[in-house]
Amino acid sequence: MVTPADVDLEVTVGKLRLRTPVIAASGTFGYGEEFTPFLDHAQLGGFVTKGLSLAPREGNPPPRIVETPSGMLNAIGLQNVGVERFIAEKLPRLRRLDTVVIANVFGETVEEYAEVCRRLDKVDGVHAIELNVSCPNTAQGGMTFGTDAAALREVTAAARAATRLPLWVKLTPNVTDIGALARTAVAAGADALSLVNTFTGMTVDVERRRPTLANVRGGLSGPAIRPLALHLLLEVRRSVDVPLIGMGGITAAEHALQFLMVGACAVQVGTANYLTPAIGVTLAADLAAWCAAHDVRAVRDVVGTLTL
Ligand SMILES: Cc1cc2nc3c(=O)[nH]c(=O)nc-3n(C[C@H](O)[C@H](O)[C@H](O)COP(=O)(O)O)c2cc1C
């Protein structure tokens with residue numbers, strides 16, 4: 001008989017070892033230290049920082065968040081302290097937290113992406129880079145990097161050349177053929193793919209007859225997107241042979257198991273951190289309980305076990 005304490009929760013994403021398969025997602029976990037009152041970081045698989053750019057950014061004007069059925073729309077506008085302040089102020093404190101730190105990186109040009117990666121490559125305490133390619137490419141009329149194969153290839157290859165750290169490319173779901181874009185990212189040097197980022201959406205304030213968000217459009221996240229995210233994960237699993245990190249609407253161990261069974265070797269939890277800040281730790285414990293109840297000794301043995 002397997003007890004929850006016997007269950008091995010360790011997983012690997014390429015060469016990177018994680019104590020559990022549950023990672024806190026970018027933009028929903030600040031720079032990590034904000035969550036120290038709520039949980040022990042050593043009990044997480046790791047966390048992804050808020051997206052980092054070369055210069056600090058203030059983000060969009062409010063309102064920039066609105067609740068939607070089983071989810072939320074956000075148009076934060078990639079507010080962040082910039083990579084230099086992250087390295088000088090946040091990273092020294094993160095090194096003491098005994099957790100895996102994945103730096104989420106974005107830019108408005110290919111060169112900006114590469115420069116942020118180059119600077120993160122030189123410091124201690126960052127374990128992997130996750131490229132947020134859901135960002136407008138100003139050199140190409142604002143088209144999102146991750147929706148165009150040529151731009152995705154170029155930005156991934158530039159980041160690859162700029163760092164020796166494991167490179168995860170985070171795919172946008174707002175595309176027609178996610179499998180083809182997954183192949184493009186892998187061919188350009190991605191070690192792993194994370195998916196998905198938010199789905200573009202909007203809501204209307206009927207009294208004001210205006211979009212609810214000042215930015216008009218926002219990104220939809222939370223349980224509403226879970227079936228969509230799972231389907232896209234399956235598409236990508238059939239298209240490439242690199243480690244996948246799945247996310248979208250996970251709020252319970254059963255949801256994490258769905259992503260693992262479809263073929264993700266780890267999962268990220270985003271919106272749910274706002275309701276339950278320690279959910280990443282609870283999910284790992286619940287995964288161990290599920291494994292024990294099903295006589296599974298290592299959670300990695302669940303990965304890819306979906307029967308089609
Ligand atoms: C408020 C907010 C801010 C986010 N900021 C980022 C970001 O800076 N970079 C990024 O790659 N994804 C960002 N995301 C997307 C999440 O990391 C995640 O991909 C998405 O929310 C789906 O997961 P969930 O349904 O568990 O929230 C953000 C999401 C939210 C809700």
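Let's start with a pair of side chains: Asn104 and Glu130 are joined by a polar contact of 2.8 Å. This comes from a predicted model. Asn104 belongs to strand 7, which covers residues 101-105. Is Asn104 buried or exposed? Asn104 has a relative accessible area of 1%, and so counts as buried, since the cut-off is under 20%.

**Around the ligand**

Next comes the ligand, which has 25 residues around it. Ser26, Lys170, Gly222, Gly249 and Thr271 come nearest. By class, this shell holds 15 polar residues, eight nonpolar ones and two charged ones. Which residues place a polar side-chain atom by an oxygen atom of the ligand? The table lists three such residues, with the distance for each.

| Residue with the polar side-chain atom | Distance to a ligand oxygen atom |
|---|---|
| Thr271 | 2.6 Å |
| Lys170 | 2.8 Å |
| Lys50 | 3.0 Å |

How much of the ligand does the protein cover? On its own, the ligand has 610 Å² of accessible area, and the protein covers 98% of that.

**The second largest pocket**

Lys50, listed in the table for its 3.0 Å distance to a ligand oxygen atom, also appears in the lining of the second largest pocket. There, Gly27, Phe29, Gly30, Glu34 and Lys50 lie nearest the centre, out of 13 lining residues. The volume of this pocket is about 190 Å³. Its lining is made up of five nonpolar, five polar and three charged residues. As for how such spaces are found, rolling a probe the size of a water molecule over the atoms shows where empty space is left.

Notes:
Residues are numbered from 1 along each chain as its sequence is written. This is a predicted model: local features need pLDDT of at least 70, side-chain atom pairs count only at pLDDT 80 or more; totals for chains, interfaces and linings use all residues. Side-chain values use heavy atoms; hydrogens and water are left out. A residue is near a molecule or strand if one of its heavy atoms lies within 4 Å of it. A polar contact is a pair of N or O atoms within 3.5 Å; within protein, one must be able to donate a hydrogen and the other to accept it, and residues adjacent in sequence count only if both atoms are side-chain atoms. Accessible areas come from the Shrake-Rupley method with a 1.4 Å probe; for residues, only the protein chains shown count as cover. Ala, Val, Leu, Ile, Met, Phe, Trp, Tyr, Cys and Pro count as nonpolar, Asp, Glu, Lys and Arg as charged, and the others, Gly among them, as polar. On a 1 Å grid over the protein atoms alone, a cavity is a set of points where a 1.4 Å probe fits but cannot get out, and a pocket is an open set with protein on both sides within 12 Å along at least five of seven lines; lining residues have an atom within 4 Å of a point. Grid points are joined across faces, edges and corners, and a volume is the space filled by probe spheres set on the points. Helices (H or I, at least four residues) and strands (E, at least two) are DSSP runs, numbered from the N terminus. Buried means under 20% relative accessible area, exposed over 50%, partly exposed in between (1.4 Å probe, protein chains only).
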